[in-house]
Amino acid sequence: MIQLSPNLVRLGAQASSKQEAIRQVAELLSQAGHTDPAYFQGMLAREEQANTYLGSGIAIPHGTPETRHLIQRTGVAVLQVPGGVDWGGDTVRLVVGIAAASDEHLDILRQLTRVLNDPALVERLSTTGDPAEVVAALGGKAAPAALGGAAAPAALGGAAAPATPAPTPSDDLPYTAQVTLPNPQGMHARPASRLAGLVRAQGGRLRLARENEAQSADATRLMEVLGLGLKQGTVLTLSSDSEALLQAARDAIRAGLGDDLSAAAAPAAPQARREPTWVPAQVSATLEGVPAADGLVTGVTRQYRPQALEVRDEGGDDPAGQAAALDRALAAARAALDVTIADVQGRLGADKAAIFRAHQELLDDSGVLEDVAGLLLAGHGAAWAYRQVTDERIAALQKLDDPVLAGRAADLGDVQRRVLRALLGLGEEQPLDRGEPFILLAPDLTPSDTARLSLDTLLGFATEVGGPTSHTAIMARGLGVPAVVAAGAGLRDIPDGTPAILDGSSGRLYLRPSEADLHAAAEQRRRLEAGKQAAFAGRMQPGQTRDGTRVEVAANINRAADAGPALEHGAEGVGLMRTEFLYLESDHAPTEDEQEREYRAMAEVLAGRPLIIRTLDIGGDKAVPYLGLEQEDNSFLGIRGIRLCFERPDLFLPQLRAIARVAKDHPNVHVMFPMIATLADLRRARGMLEDVCRELDAPRIPVGVMIEVPSAALMARELAPEVDFFSVGTNDLTGYTLAMDRLHPVLARQADALHPAVLRLIAVTAEAAQAHGKWVGVCGGAAAEPAGALVLAGLGVRELSVSTPAVPAVKAALRRHDLTRLQEVARQALAQPDAAAVRALLEPLTEAEA
Ligand code: PEP
Ligand code: MG
């Protein structure tokens, strides 16, 4: 950030004309070495094009883009003219001259907006005799996302082009590092805004680029970062002017920037046209699109044509007024999104609500706001400027020809519409759900449109454009209605009330089917629905096989707020509480009290059902920037999990104490240690827990270990007598067994937990546990797949801990088979040559679900 220095402030000046005032402020800039004296001409030329009067007696003269080469260093100078100078009809008393070689001047411009809104401050700065007062008012750090920041990259000669050269070591950003992006969903809005927050909090500059690619993005500009289209496994080059910032950013990216790295990659969204398993015999037309959400419905069509927004470029003669109007519109949009978030969270869950949290972040995108402010200063109206800038971003994302980014373009379009409606005084859009049930046909639907749909009337929808990974499609899957996207322009010619069949699984819309087809479709639908509904209806039944062998189905959760929804999905307890999320989601190590509150809240919600708290599992792919841990060349084989806890008793002991304090009142609390590789590890960790329990007079707490290192599986016979249970972490066990990094861009696909090598280690573990009367669970991703759940049950696993939405289907899969059959299949699985053969073997068992 540039600092305004006292020698660039001239107080008590007099100027007979605007030109004279500009000359004086230009002189200040050139005398301080910021510009060539000829920059003055550029400032005059700019003034010819558009008046730089900002409002409240402040003007901001600056050069044209053509004279930008006359800037030697970015700088700002202030000329105070207490007697005022005429500025094309307005009287100016503060002339803020700007020479902007980059966007550093924006901080000062943001400060100016604050000043603008404070008449008493304007008065003081216009008359003060103390330059320090001006420096303090304009040189302080600005609030990160406030628009008002009248900032003008375009108007001030800043290039608006999104692509800039890739970060290479330069005087400007001399520190560089590389990091692989671990996020299963790539760099989407939420992690990107976390990174921006980190950069703002630490100060300094950070740019990101794909390895060896020219385009780079400023980490504080959300849309630029999203525009890079960064997917899981992309190698990023980071560059910064601060070594500390670079390290912190690299660690934070490695830690997932708040994303759950153990979650599977984007839920297997159907990506392409699929052959239908069912086709009607006689229809008048078939429209083919891309499947977005499974299901089959029959009904009549209804067109939805969102009202076109008419935006005129007006109000540009009052940039400050327009900036204030935009600020109000942004605030209104933010408040409306709060309501949507609460509603969606209640109806569809936190993951769907997160889509709208990301929309709030898009509202605050500093790159967008700065460019809009630039257009306001250049004399455009707020609505016109906002649409112009967001349209450019949307087009740029669409051009990347990436379905995920096309989805983000739709999100930005949704946000744009909200803001424009607020600016145009149109209020909230009307709900789409009046009248008889219908199949909705639309050019496209925004996530906000989808959130407004009511299941009372919506049977399903088809859109002309859109992608299967869009948030609208994700919402449709959450709503449980079939959806087809990219069905083409033919949709718009279908009259309302046309009888139709929508097959979301194959991506087809059939028009005017025969009576016989309608019956056949209804029959097919009943079968599919019955399967899903039976699973959901049966979610509260105990997890067990058809012959009654208990296989408890629990949930993996990260925070107390997740416990209620887990129970509602039929979870019989919590088989893995990943405590590291308390650390990852905070900017400090959670205190003993904070941890106790979280664990206690969780134990209370579970009301006696098992709660397995896994102690801190940091290291490997999970880094916590503020812990200051050393970088290791081979972090997966280094100080991670329990090893880190041994190194850092300052972290481990408070955690054990917090757990023990809760266990005093809640006997359902269990402790589990991650990354146990040896018997000595277990004994040492257990010893520390027992010490803490003695110290706090807490009862004995059941203890388990994660089996996620091959040595632990192979030593299970020795470990079993000293634990109460095992829980297999198939995510890490697979990685360590096959020597394939679970995040590796090439290898991750092959790292299949159903590989016979992994299954054999699980079999060994289960046998050892059984021999000592202990139980074995699985809390890695393999447990959440019906095929995985079945083979694991056959191997002797008696608890499966899975992500909350997977609970009903896993229970339903278990209920369909006798244990003896699963044992037989498991035996055969162990003898297969590879994971593909295991999956082929299991296929008939899961086919029964369809
Ligand atoms: C695992 O490794 O399977 C596991 C459950 O632990 P995490 O995914 O948290 O490393
Ligand atoms: Mg693990």
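Me: What makes E708 and D732 count as buried?
Reply: Both E708 and D732 are buried in this model, which is a predicted one. Buried means a relative accessible area under 20%, exposed means over 50%, and partly exposed lies in between, with a 1.4 Å probe and protein chains only.

Me: Why are E708 and D732 called donors of the magnesium ion (ligand 2)?
Reply: Donors are N, O and S atoms within 2.8 Å of the metal, or 3.2 Å for Na, K and Ca. The OE of E708 and the OD of D732 lie 2.1 Å from the magnesium ion, so they meet the limit of 2.8 Å. Water is not among the atoms, so the site may look incomplete.

Me: How do you know that this pair links distant parts of the chain?
Reply: E708 and D732 are 24 residues apart. E708 sits in the loop between β22 (703-707) and α23 (710-714), whereas D732 belongs to helix α25 (residues 730-738). Helices (H or I, at least four residues) and strands (E, at least two) are DSSP runs, numbered from the N terminus.

Me: How are residues, chains and atoms treated here?
Reply: Residues are numbered from 1 along each chain as its sequence is written, chains are lettered from A and ligands numbered from 1 in the order in which they are written, and side-chain values use heavy atoms, without hydrogens and water. In this predicted model, local features need pLDDT of at least 70 and side-chain atom pairs count only at pLDDT 80 or more, while totals for chains, interfaces and linings use all residues.

Me: Why is D752 called buried?
Reply: D752 has a relative accessible area of 16%, so it falls under the 20% limit. D752 lies in the loop between α25 and α26 (756-771). Beyond four places in sequence, D752 touches T734, L738, V758, A835 and R839; such a contact means heavy atoms within 4.5 Å.

Me: What makes the pair D752 and R839 a polar contact?
Reply: Their side chains are joined at 2.8 Å. A polar contact is a pair of N or O atoms within 3.5 Å; within protein, one must be able to donate a hydrogen and the other to accept it, and residues adjacent in sequence count only if both atoms are side-chain atoms. The value of 2.8 Å is therefore inside the limit.

Me: Why is T498 called buried?
Reply: The relative accessible area of T498 is 4%, so the 20% limit is met. T498 is placed in the loop between β15 (483-485) and β16 (499-503), and its side chain reaches the backbone oxygen of P495 at 2.6 Å. Among the residues that T498 touches beyond four places in sequence are G299, L511 and R512.

Me: Why is R512 called partly exposed, and N212 exposed?
Reply: R512 has 42% relative accessibility, which lies between 20% and 50%. N212 has a relative accessible area of 75%, so it is over 50%. R512 lies in the loop between β17 (508-511) and α16 (515-537), and N212 in the loop between β7 (206-210) and β8 (216-218).

Me: What makes the phi angles of R512 and N212 worth a remark?
Reply: Most residues other than glycine have a negative phi. R512 is not a glycine, yet its phi is about 45°; N212 is not one either, and its phi is near 60°.

Me: How do you know that the length of helix α9 agrees with its residue count?
Reply: The expected span of a helix is 1.5 Å times one less than its number of residues. The 30 residues of α9 (residues 319-348) should therefore span 44 Å, and the end C-alpha atoms are 41 Å apart, which agrees. At the N-terminal end, D318 caps α9, with a side-chain oxygen 2.9 Å from the backbone nitrogen of G321.

Me: How do you know which parts to read with care?
Reply: pLDDT, the predictor's confidence in each residue from 0 to 100, has a mean of 85 over the protein chain. It stays under 50 over residues 140-166 and over residues 264-273. Where pLDDT is low, the predicted coordinates should not be read in detail.
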